[in-house]
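Me: I have a fold in front of me and would like to go through the words used for it. Could you take me through the reasoning behind each one?

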Amino acid sequence: MKIDEIDTDYETVKVDQIGITDSQTGAVLLKDEKVEFVMSGFSSEVARIISDFVEGKRDDPPTIYRLVEQICEENELLLVKVKIYESGGIFRANLYFTGKKDMVFRNFRASDAIALATYYNIPILVRKSMLRKIEKSEIEKN
């Protein structure tokens, strides 16, 4: 499958809420109009980073994200989307780059992929089998 092809097994979602469940654990709610996905169990530090990116605070990203940015600049690449999936009970992500050539980096931490997607304002795709349908009554509340 080419990077720009639509994958019908995935749904595009956005960060709706981000929080810290305890002093060391973060959680994020990803959703669109009809479905949602809650992911927790990652570091509270990454949760704070995602929250900053959502709020537009992009002045001083962590070193690992600057590394990705520098590699992209040096190789004329753009991160264009991330796909979140489950593998062996752990949430993982593929990072999709395009530019001089198309590249897919596979099996990365989903929380970092969400942070990068938020930083670059690119699509976050989640495997449909992991999503929960939002009931009509819940939609009307919002």
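**Helices, sheet and overall size**

Reply: Happy to! In this predicted model, helix 2 (residues 63-74) and helix 3 (residues 110-120) have axes that come within 11 Å and cross at roughly 60 degrees.

Me: What makes helix 2 oblique to helix 3?

Reply: The crossing angle is roughly 60 degrees. Roughly parallel would need an angle under 35 degrees, and roughly perpendicular starts at 65, so the value falls in neither class. Helix 2 is therefore oblique to helix 3. As for handedness, the crossing of helix 2 with helix 3 is right-handed.

Me: How do you know that helix 2 and helix 3 meet?

Reply: Contact means heavy atoms within 4.5 Å. On the helix 2 side, Tyr65, Val68 and Glu69 take part, and they meet Asp112, Ala115, Leu116, Tyr119 and Tyr120 of helix 3. Sorted by class, this contact has six nonpolar residues, two charged ones and no polar ones.

Me: Thanks! Now the sheet: why are strand 6 and strand 8 said to stand at the edges?

Reply: The open sheet has eight strands in the order 6-5-4-7-1-2-3-8, with mixed pairing. Strand 6 (103-109) and strand 8 (132-133) each have a single partner strand, so one side of each is left without a neighbour in the sheet.

Me: How do you know that strand 2 and strand 3 pair?

Reply: Pairing calls for at least two bridges. Strand 2 (residues 25-31) and strand 3 (residues 35-43) have seven, in the antiparallel sense. One of the bridge partners is Ser43 in strand 3, which is matched with Thr25. Helix 1 (residues 44-54) packs on the sheet, where it touches strand 1 (10-22), strand 2, strand 3 and strand 6, and its direction makes about 120 degrees with that of strand 1.

Me: And what makes strand 1 and strand 7 a pair?

Reply: The cut-off is again at least two bridges. Four bridges join strand 1 to strand 7 (residues 124-127), and the two run antiparallel. Thr12 has Leu125 as its bridge partner in strand 7. On strand 2, Lys31 is the bridge partner of Lys14. Strand 1 and strand 2 form a hairpin, with two residues between them.

Me: Last one: why is the chain called as compact as a globular protein of its length?

Reply: The chain holds four helices and eight strands. Its radius of gyration is 15 Å, close to the 14 Å that the globule rule gives for 142 residues, so the description fits. The C-alpha atoms fill a box of roughly 50 × 35 × 30 Å along the principal axes.

Notes: Residues are numbered from 1 along each chain as its sequence is written. This is a predicted model: local features need pLDDT of at least 70, side-chain atom pairs count only at pLDDT 80 or more; totals for chains, interfaces and linings use all residues. Side-chain values use heavy atoms; hydrogens and water are left out. Axes are lines fitted to C-alpha atoms, for helices over the stretch in contact, and angles run from 0 to 180 degrees between N-to-C directions. Angles under 35 degrees count as roughly parallel, over 145 as roughly antiparallel, 65 to 115 as roughly perpendicular and the rest as oblique. A crossing is left-handed if the near helix is turned anticlockwise from the far one by less than a right angle, and right-handed if clockwise. Ala, Val, Leu, Ile, Met, Phe, Trp, Tyr, Cys and Pro count as nonpolar, Asp, Glu, Lys and Arg as charged, and the others, Gly among them, as polar. The radius of gyration is taken over C-alpha atoms; the globule rule is 2.2 Å times the number of residues to the power 0.38.
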